[in-house]
Structures are given as C-alpha cells and as structure tokens.
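Welcome! Let us take a friendly walk through this structure, one stop at a time.

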Amino acid sequence: MYAQLVKSEGMKSPEEMSPEERAFQERVDRNEKIEPKEWMPDGYRKTLIRQIGQHAHSEIVGQLPEGNWITRAPTLERKAILLAKVQDEAGHGLYLYSAAETLGVTRDELTEKLLSGNMKYSSIFNYPTLTWADMGAVGWLVDGAAIMNQVPLQRTSYGPYSRAMIRICKEESFHQRQGYAIMMKMAKGTPEQKEMAQDALNRFWFPALMMFGPSDKDSVHSAQSMAWKIKMNTNDELRQKFVDETVPQAEYLGLTVPDETLSWNEEKGGYDFAEPDWSEFFEVIKGNGPCNEERLGARRDAWEKGAWFREGLTAYADKAAARRANALVAAE
Ligand code: BYC
C-alpha cells in the first residue's frame, strides 16, 4: 500500500532534513508523543491544523443533517437518543477545536476559514437525510466509517489530538450501535420499512466510502502524514477494512449493498468492490454537492446570530481581567 502513495509536496528524505527535523522524525519513529510547546516542523503544525480543524468542522456541520430529525423522531426514546448523539457531536467539535488551539490557531480563525470556503469539512454531510431510515444509515455507515478512521488516530503522534480521539471513539461506538439498532428495527419491520432501509443504504453506501478520502494514488497528503504518524493508515486500507466489516452487517439485516461487482476475494482475504464516483467526490469537496450551500448557510447564520453572545462573553472576560489588574495595583 505504502509503495502506491504519491510523494507529498515538500516531503524530505532523511538526507535533506535539518538536524532538528531529523531529531523530530526520530522521536516520531520511536512513537514518542509530540506535545504543544515542543519544537515541530512548520509542515507538521500546518498539516495538523488542517486535519484537526477539518475534523472539528465535520463534527459541527455533522450535527445539521441529524438535528433536522430530532423533532421528527418516531418515539420519545428515539428522540432522546438522537438528541444525546447530536450533543456528543458538539462535544467532539469542542475537544477538536481545543486540540487545534494548542497549535497556535484560534477557534474564530478556523471558523472564519470554514465560512470563507478556505477550509473543508467531510464530504458526507453534503448529502440530504430524507427519511427516518437515513438516521439509521448515518449512524451505521457514517459513524461506522468515522470509527474505522478514528480508532487508529488514537495512536496519532500529536498528544492532544490522540487524547481527544480516545474519548471521541468511545462515544462514536455508541453512535454506530444506535444507527444499526434503527436499521435492524426497519429491516425487520413492514415491507415499506424494509424498503426505506434499503433506499437509505443505496443512497449512503458510496458517499460513506468517499469519507476515507481519494484513492491512494490521488491522496496528496498521505505519504507525509503517515511518515509523521499524523495518519496511521492509507485511505484505501481503511476503506477496504470498512467494506470487509460492513458487508456482513448488511447481510445480517437482509439488505443488499448497491454494488453488483461486490465479491469475496479469497486470495486477498477481503472484498473486491466498486470505487465511488470520484468525479462526484471532487465536485462535492469543491462546494458543488447537493447540500453544500445549505450547510454553510446554516453555519454562517449561527455564527452571525451568535456574535452578540461571543461579544458578551469577551466583555465579561475583559472586565474581570481589568478588575484583577486594578486589584493588583491597589495591593502594591
Ligand atoms: N471530505 O490527501 P488527502 C465524523 C480532501 S466526520 C472532504 O487524502 P488527507 C462524524 C483533503 O482534505 C469524519 N474533504 O487528504 C461527525 C485534501 O484537501 P486539502 C471527519 C476530503 O487529509 C459527525 C484532499 O481531499 N473525520 O467523524 O491526508 C457525525 C486530498 O485528500 C475528504 C476526519 O476528519 C472528505 N471525505 O486525508 C458522524 C478524520 N477526503 O485539505 C461522524 C480525520 C479528503 O488539501 N481526517 N479530502 O484542501 C483524516 O483522517 C484525513 O484528513 C482524511 C483525508 C482521511 C479525511
């Protein structure tokens, strides 16, 4: 897998590295955690800010397609569960913004970059959630893909990111189970309910595969990110693992994965499967997906309407700081 990766722009061989860069790489190779105030190459810092920031934005934007269903959940119990899940996602966003802040960027700066289109969030949240079965498919497939990607990130080289991922993964496992529980109920329900579950699987299968990023030959960051242990696996490795785990789960539900080419490959010990439509993926991440405008519009609206509250908090913090400074002067 490694051999297929394209060399990331600016990636240096050990001979090209400065002594500081070489010492840093050796620490990473020994699996030492890198902590906020320690020396790190600019590229390492930049890559982490991009990946953690993008991840944080995904958690926050990811609340939108599900938040939309809280008032329409079929029972009080389902409503409470979905509400808790969406709240967890807000929490994940906060841990991740905090981890990014340790690298010298503020949450406001990251949000402004998102709103001006200079930072991405996961492609998956640009697809609409049309029926209650979509809440099942999102939990099962989207959180399932997220876990597949995030469990290895618990071992990532940057300390604050790694520690945030440990907590996030615990909660993601519950999210995946709640999604699968909805799918079980629907798939074993009336023919109409089963049809809704199948339709949700049909619409979310390929977008879920896209969550792992472009295929290795088109992944511009993987080689450098893996050398720095920011990423622990290639995009294709994780996508393969996801398919191998998810296909038997679909079979258990009595649902059909919408891929006629899907077949078990004895030799490789995994499934052969169809690639997503990569041209669709690149359009979605350029901002041309079915819900991009709506999602960013909702974030922009929340940011603008929340300005008075942020200002209020800062005003209080400024006043408290001024009072402390006055008290110090008075004490002298
Ligand atoms: N969507 O060189 P590559 C969740 C971009 S949600 C959008 O392979 P990298 C959850 C990529 O940024 C899951 N953009 O990049 C929340 C790069 O563009 P830039 C969020 C994508 O970074 C609520 C370009 O394509 N999880 O957990 O090495 C409810 C080339 O790609 C995507 C994370 O963020 C995509 N799917 O690998 C439920 C996990 N894929 O930045 C669930 C942490 C690629 O150069 N992130 N791009 O302009 C990662 O592991 C990696 O960043 C990725 C991409 C595997 C996503």
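In which helix does Leu-313 lie? Leu-313 belongs to helix α13, which covers residues 307–331. Keep in mind as you look that this is a predicted model. With a relative accessibility of 53%, Leu-313 counts as exposed, because exposed means over 50%. Together with Trp-308 and Phe-309, Leu-313 makes a nonpolar surface patch of about 400 Å².

From this patch, turn to a contact that involves a charge and a ring. The charged end of Arg-310 sits over the ring of Trp-303, 3.5 Å from the ring's centre. You can find another such arrangement at Tyr-252, where Lys-188 lies over the face of the ring, 5.3 Å from its centre.

Now for the pairs of rings. How many aromatic pairs does a search of the whole structure find? The search finds 11. One of them joins Phe-24 and Tyr-44, whose ring centres are 4.8 Å apart. Their planes meet at 70°, so this pair is edge-to-face, since planes over 60 degrees apart count that way. The pair links distant parts of the chain: Phe-24 is in helix α1 (residues 19–29) and Tyr-44 in helix α2 (residues 42–61), with their positions 20 residues apart in the numbering. Are these two residues buried or exposed? Phe-24 is buried, and Tyr-44 is buried too.

Stay with Tyr-44 for a moment, as this residue also forms an aromatic pair with Trp-228. Here the distance is 5.7 Å centre to centre and the angle between the planes is 90°, an edge-to-face pair. Tyr-44 lies in helix α2, while Trp-228 is in the loop between α9 (222–227) and α10 (235–253), so the pair ties together parts that are 184 residues apart in sequence. Trp-228 is buried, as is Tyr-44. Which residues make up the aromatic cluster that includes these rings? Phe-24, Trp-39, Tyr-44 and Trp-228 form one cluster.

Our last stop is the cysteines. How many disulfides does a search of the whole structure find? The search finds 0. Two cysteines are worth finding in the view. Cys-169 has a relative accessible area of 5% and is therefore buried, and Cys-291 is buried as well, with a relative accessible area of 5%. Both values fit the cut-off, because buried means under 20% relative accessible area.

How values were computed
Residues numbered from 1 in each chain as written. Predicted model: local features only at pLDDT ≥ 70, side-chain atom pairs only at ≥ 80, totals over all residues. Heavy atoms only, no water. Patch = residues over 30% accessible without salt bridge, like charges linked within 9 Å, V, L, I, M, F, W, Y side chains within 5 Å. Areas by Shrake-Rupley, 256 points an atom, 1.4 Å probe, with all protein chains shown as cover. Salt bridge = Lys/Arg side-chain N within 4 Å of Asp/Glu carboxyl O. Helix = DSSP H or I, 4+ residues; strand = E, 2+ residues; numbered from the N terminus. Buried < 20%, exposed > 50% of the residue type's maximum accessible area, 1.4 Å probe, protein only. Disulfide = S-S within 2.5 Å. Phe/Tyr/Trp six-rings, centres within 6.5 Å; stacked < 30°, edge-to-face > 60°. Lys NZ or Arg CZ within 6 Å of the ring centre and 35° of its normal.
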